[in-house]
Amino acid sequence: SNWEEKLRTHYVFGRLYLEHRVPSGVYCCFHSELKLTNLAFDACVAAWVQEAWLVKDVEESFIGSPDYLRLRAKTYDYYQVIFRKTPFVASRLAELAQQAELDARRRAEDLEKATKRQLVVEAARNEAEDLDRLRKSSFTTFVYVMQDLRNGHLKIGRSTSPGKREKTLQSEVPQIVLRLSIPANDEHERQLHEQFSNKRIRGEWFALEPNDILWLVSFLKRNGDATRASVDYQWLGTISFSAR
C-alpha cells in the first residue's frame with residue numbers, strides 16, 4: 001500500500017543516516033539534481049564528499065573543479081553539498097544533457113511548425129484583403145516594395161496579393177517585410193526596374209538610397225491608386241527624415 005511504501009522509504013532514510021551519516025537533505029539534493037525516478041542511496045553514498053559537509057573551508061576548496069558537483073541543499077542555507085562525478089553521476093548528467101538538447105530541438109521544431117501555420121492563416125487573410133482592395137480599384141495587380149531587414153535591400157515586384165507574397169517569403173526568410181503596396185500597372189513595375197537598373201543587386205532586389213525610395217513612392221502615388229495603397233508610414237517617415 002502507499003502507507004507501507006512511505007514507511008519503507010523512511011526506514012531506508014533512517015538507515016542511510018545511521019550507517020553512512022547521510023542527512024535526508026543531502027540525498028534529496030542528489031535525487032533532485034539528477035532528476036532520478038528511483039531511489040539511488042548507494043550511488044549517493046559513493047558520490048557524497050562527507051568531509052566537506054558543513055565545513056566551509058573544505059567546501060570552498062572544490063570551487064572550480066570539473067570533477068565535482070557543488071549543489072545548494074535547501075535545508076542548509078549557507079552550505080553546499082559536494083558530490084564526486086562518479087560513473088553513475090557522470091552518466092546521469094550526460095543523459096540529462098542529451099534530453100535537454102532533444103527537448104530544445106523539439107521545442108524549436110514545434111515553434112517553427114506553429115509559426116508556419118500562423119503564416120498560412122495570415123497569408124489567407126491578407127490575400128482576401130488585397131483582392132478586395134484590388135476589386136475596388138481600376139487595376140489588376142499591385143506593385144509592392146519589400147525590405148530585407150538583414151541588409152536593407154528592397155524588392156520591387158508585382159502581385160495580386162503582396163500580403164500573401166510577404167508571408168510566403170517570410171516562411172523562408174522571416175526578416176523580409178512588406179513596406180508598400182499600391183494598385184498599379186505591370187508597366188509601372190518595369191519602369192521602376194529600369195529606373196534603378198544601376199542599383200540592382202539581383203533579380204528584383206535593389207540597394208536604394210532614401211532619395212531613391214522617395215522618388216519611387218512619388219512615382220507610384222502619381223501613377224497608381226493611392227487611395228487603396230498600404231504603406232508602412234513609420235518606415236516611410238524614417239526614410240523622409242534621412243533623405244537629403
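**Exercise 1.** State which residue of β7 stands opposite arginine 200, and place the pair in the sheet.

Solution. Step 1: Arginine 200 faces phenylalanine 206 in β7. The model is predicted: local features need pLDDT of at least 70, side-chain atom pairs count only at pLDDT 80 or more, and totals for chains, interfaces and linings use all residues. Residues are numbered from 1 along each chain as its sequence is written, and side-chain values use heavy atoms, with hydrogens and water left out.

Step 2: β6 and β7 (residues 205-206) pair in the antiparallel sense over two bridges. Strands (E, at least two residues) and helices (H or I, at least four) are DSSP runs, numbered from the N terminus; two strands pair if DSSP finds at least two bridges between them.

Step 3: The open sheet has six strands in the order β6-β7-β4-β3-β5-β8, with antiparallel pairing. Its edge strands, β6 (200-202) and β8 (230-231), each pair on one side only.

Step 4: Helix α6 (residues 162-170) packs on the sheet and touches β3 (141-148), β4 (154-159) and β5 (176-184). Contact means heavy atoms within 4.5 Å. The directions of α6 and β5 make about 160°; axes are lines fitted to C-alpha atoms, for helices over the stretch in contact, and angles run from 0 to 180 degrees between N-to-C directions.

**Exercise 2.** Classify the ring pair of tyrosine 27 and phenylalanine 30.

Solution. Step 1: Rings of Phe, Tyr and Trp (its six-membered ring) pair if their centres lie within 6.5 Å; planes under 30 degrees apart are stacked, over 60 edge-to-face, the rest tilted.

Step 2: For tyrosine 27 and phenylalanine 30 the values are 6.2 Å centre to centre and 40° between the planes, hence tilted.

Step 3: Both residues lie in helix α2 (residues 24-33), three residues apart, and both are buried (under 20% relative accessible area; exposed is over 50%, partly exposed in between; 1.4 Å probe, protein chains only).

Step 4: Ring pairs link Tyr27 and Phe30 with Phe41, Phe83 and Phe88 into a cluster.

**Exercise 3.** Determine how α7 and α8 are oriented.

Solution. Step 1: Helix α7 (residues 186-195) and helix α8 (residues 210-223) pack at about 155°, their axes 11 Å apart.

Step 2: α7 is therefore roughly antiparallel to α8 (over 145 degrees; under 35 is roughly parallel, 65 to 115 roughly perpendicular, the rest oblique).

Step 3: His188, Gln191, Leu192 and Gln195 in α7 meet Trp215, Leu216, Phe219, Leu220 and Asn223 in α8.
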